[in-house]
Amino acid sequence: MAEQARALALQPWRDAPPSRHRALLDLSYDDYRDIRFRPEQALWQDRPFELMFFHAGRGFSQPLQIEEIDAQGRVQPLQVPASAFDYGRNAAKLPALMRPGAAAEVAGFRLHTALNRPDYRDELIVFLGASYFRALGAGQQYGLSARGLAVDTTGGQGEEFPRFDRFWLEKPAPDATRMTLYARLVGPRVTGAYRFDITPGRRPEGTTRVDVQARLFLRGRVATLGLAPLTSMFLSGENQPRPGDFRPEVHDSDGLQILTGRGEWIWRPLNNPRAGAFVTSFRLDGPQALRGFGLLQRDRRFASYEDLEAHYERRPSAWVEPRGDWGPGRVELLQFQTPDETHDNIAAYWVPETLPAPGTPLQPIDLAYTLHWFGEQPPARPGGWTVQTRRGHGYDTAQGDELQFHVDFAGPALDAVRTGAGAEPVRPQVEALANARIREVRVQPHPQAGGQAGGQTPGWRMTLRVERLQADRPVELRGYLMQGRDVLTETWSLALPPEGEQKR
């Protein structure tokens, strides 16, 4: 596959044709949703993993090539009959697909396995659209997505969406505990070969692992190459309530977390800017500059969302753990305005500091990482973490352009804090990095700081009064708690868009 990708990179770009059935391309959103795969037609029903398909149509206009690799290494195309789908009210529009023996055009697929109980096969992972995929562990409900690659999400002449156009799936053995598949990535400026090893997250841990290996070739110049990209939605949260919405919070993720090569944990709460795009980044260098990053759904209480249909408290978090040294670069966070929860408006990815020059001779970009899709139990976490960030005043009134933030921390490092006679005080370390002046910082014990995670564990609250210097510029703050020489918490790193974009 890597040789295929390399050969394609040396050829002029030529996109694949869309579906040969024009009526599929003209379907409305509701009509496309009325085409459903018949579960009784799933492949590999006698194996631990079942395979089902999505039909081409509407926005998924280019059919995939999907092939099966058997235990002896033999490869054969998977032909999906049109009879495997229920076309619902669309049947009359698609007479060619209603004929006996007609073949369907497939735009994506999903794997099922027993996650929550042994007698039912849940959806495990879905590949559908461009290079998008998303996975689940036990007790989770679909939320954020991952992508194979992001090209010029920022910094270029417009975003480009390379796509997986061909898949090879290893037929699982009767006792298989993981699923392996391969994919070819194609696009105007990049090609690539991918391997995915998928290990289901069954109870009690519930964390699904996707081990990714990729080899990429640049066929054109790229301004921003986003590796291991994640895409999510943030409409509102405790830091940005939405007037008129009965739900206290609406989001698939509430923050970006980073673990640097120097061992610093960083937490950046997400925002829904009121206009335009808001791009921030964290530059990292030195040996093993990046140890991990992810978009997390930390708040796991139903009471934080009050949504009986969406159940945002069940949305998975996704954590990218690099394998090998990715070198210097930056974690970039893109946030832009969304009017409702049907649109993703958050993206996070790694941007390497240097890229090989496109053209001949081709120098590959090799990449390996593990994606952890988890619920309440992260694969790693700091000793003290941010539970919530609230903005606003209580009884006291704001002075001019003053902002006030209330940041709650919890975790085992705070559980172990010594208090009383002879104990050193817990103290905040706070900086205004951009467009702000700190007027006051105070900390105090918080008996129920851990309640946002569903328990009643104690913690500490840090309150900041901050003067915003210029309304048309972003604000950046950072802070953490210490006792003596011990750092107790991750670094809370807040970035606010210009106030003109953030008015409520």
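**Close-up views of salt bridges**

**View 1. R147 and E159 form a salt bridge in this predicted model.** The closest N and O atoms of R147 and E159 are 2.9 Å apart. The two partners come from distant parts of the chain, 12 residues apart. Look for R147 in strand β9 (residues 145–147), and for E159 in the loop between β10 (149–151) and β11 (163–170). R147 has a relative accessible area of 4%, so R147 counts as buried. E159 is partly exposed, because its relative accessible area is 32%.

**View 2. K93 pairs with D31 in a salt bridge.** Here the closest N and O atoms are 2.9 Å apart. This pair also links distant parts of the chain, with the two positions 62 residues apart in numbering. You will find K93 in the loop between β5 (85–86) and β6 (106–117), while D31 sits in helix α3 (residues 29–33). Which partner is buried, with a relative accessible area of 13%? That is D31, whereas K93 is partly exposed at 42%.

**View 3. R247 forms a salt bridge with D245.** In this pair, the closest N and O atoms lie 3.0 Å apart. The relative accessible area of R247 is 10%, so R247 is buried.

**View 4. Salt bridges that share partners build one network.** Which residues does this network join? They are E402, R437, R439, E440, R442, R465 and E467. Why can such pairs form? Side chains with opposite charges can pair when their charged atoms come close. To set these views in context, the structure holds 40 salt bridges.

How values were computed:
Residues are numbered from 1 along each chain as its sequence is written. This is a predicted model: local features need pLDDT of at least 70, side-chain atom pairs count only at pLDDT 80 or more; totals for chains, interfaces and linings use all residues. Side-chain values use heavy atoms; hydrogens and water are left out. A salt bridge is a side-chain nitrogen of Lys or Arg within 4 Å of a carboxyl oxygen of Asp or Glu. Helices (H or I, at least four residues) and strands (E, at least two) are DSSP runs, numbered from the N terminus. Buried means under 20% relative accessible area, exposed over 50%, partly exposed in between (1.4 Å probe, protein chains only).
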